[in-house]
Amino acid sequence: MSKTAVLLIDCPDRKGIVAAIANFLVREYDANILNADQHQDVELGLFFMRVEFATQNPACDEAQFRHVFTPLAEQFRMNWRLTFATPTRNVAIFVSHYLHCLADLLDRRQVGELNCNLSLIISNHENARALANFHGISFHHIPITTANKAQAEHRQRELFAAHQINLIVLARYMQVLSPDFVRAYPQQIINVHHSFLPAFTGAKPYHAAFARGVKLIGATSHYVTEALDEGPIIEQDVTRISQNDQLPDLVQKGRDLERLVLSRAVRWHLNDRILSYANKTVIFA
């Protein structure tokens, strides 16, 4: 039976990397390379590559691959990870009282655009319960206050363990995660911010943009780090506004952008098309 895997690599740039990887995959696994993409950061002298390959070699699993690939990885000083097409990843969605991003993700999963199990919805409000029930997804209302934040996050992490969660999506979750929480899930938390970062950070960016009289507004999806709204940017989009647009118009147009940039980021993450480095990302087509 054929199995498909994705190999993501970053390392110092030098000659011979592409040939070495291709030769390794053919020699060790008689692999068929389905797709290969690469990128160089000339300023930092770094090389990035994504290789999707298929093999019928039954010995090819993560442990065996690590054993035979490590000498080559050490030779080229590679950081790398290998992901097989199965099993399907389990995703948890955090949401507060704005439901447009949640509804969009649920619809996209329903029609097959997102290859994942939407296993869990967690909210500090009850608003999303009916939507979760309609889609048959486990819903957990966990209120957050300053006094109970640590206990609430402990409960959330228990749910992640029980559902074997691989990715956490903040779909307009209006709470700041603690540094301990973020450190526990590196490059596994994706947020959508209702602004074209780094402009207009904080809780009310549309209000700030309207007050500033901007002609473009945007939305940003990014990985979450301990620094608020400063994690590696995955996707951004913008739309033009005019003097005829009032604050409610900015909010409505912004919500359309939020849906788009968040769904793209989630899809690219699930398809192993993102490499993060130096607080930036490489997105492979």
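**Exercise 1. Locate A278 in this predicted model, and decide whether A278 is buried or exposed.**

Solution. Begin with the position in the chain: A278 sits in the loop that links strand 12 (274-277) with strand 13 (280-283). Next, look at the backbone, where the phi of A278 is near 50 degrees, a positive value in a residue other than glycine. Finally, take the relative accessible area, which is 57% for A278; a residue counts as exposed over 50%, so A278 is exposed.

**Exercise 2. Describe D30 in the same steps: where is D30 found, and is D30 buried or exposed?**

Solution. D30 belongs to the loop between helix 1 and strand 2 (32-41). The phi of D30 is near 45 degrees, again a positive value in a residue other than glycine. The relative accessibility of D30 is 65%, and because the cut-off for exposed is over 50%, D30 counts as exposed.

**Exercise 3. Follow helix 2 (residues 62-76) from its start to its end, and state which of its residues are buried and what they pack against.**

Solution. Start at the N-terminal end, which is capped by D61, with a side-chain oxygen 3.2 Å from the backbone nitrogen of A63. Then consider the length: the 15 residues of helix 2 reach 20 Å from the first C-alpha to the last, close to the 21 Å expected. Along the way there is a kink of about 50 degrees at F69, shortly before the proline P71.

Now turn to the buried residues, which are F65, F69, L72, A73 and F76. To read this pattern, recall that an α-helix has 3.6 residues a turn, so residues three or four places apart point the same way. The buried residues of helix 2 pack against strand 1 (3-12), helix 1 (17-29), strand 3 (46-55) and strand 4 (79-84). Just after the helix, R77 takes a positive phi of about 55 degrees.

**Exercise 4. Work out which strands are joined to strand 8 (residues 167-170) by bridges.**

Solution. On the one hand, strand 5 (residues 89-95) runs parallel to strand 8 and is joined to it by four bridges, with F94 having L170 as its bridge partner. On the other hand, strand 9 (residues 189-193) also runs parallel to strand 8, through three bridges, and here L170 stands opposite N191. Both faces of strand 8 are covered, since L167 and V169 on one side and I168 and L170 on the other are all buried. To complete the picture, strand 8, helix 6 (residues 179-184) and strand 9 form a right-handed β-α-β unit.

How values were computed: Residues are numbered from 1 along each chain as its sequence is written. This is a predicted model: local features need pLDDT of at least 70, side-chain atom pairs count only at pLDDT 80 or more; totals for chains, interfaces and linings use all residues. Side-chain values use heavy atoms; hydrogens and water are left out. Helices (H or I, at least four residues) and strands (E, at least two) are DSSP runs, numbered from the N terminus. The expected span of a helix is 1.5 Å times one less than its number of residues. The bend at a residue is the angle between axes fitted to the seven residues ending there and the seven starting there. Buried means under 20% relative accessible area, exposed over 50%, partly exposed in between (1.4 Å probe, protein chains only). Contact means heavy atoms within 4.5 Å. A polar contact is a pair of N or O atoms within 3.5 Å; within protein, one must be able to donate a hydrogen and the other to accept it, and residues adjacent in sequence count only if both atoms are side-chain atoms. Two strands pair if DSSP finds at least two bridges between them. A crossover is right-handed if, with the strands pointing away from the viewer, the path from the first strand over the helix to the second runs clockwise.
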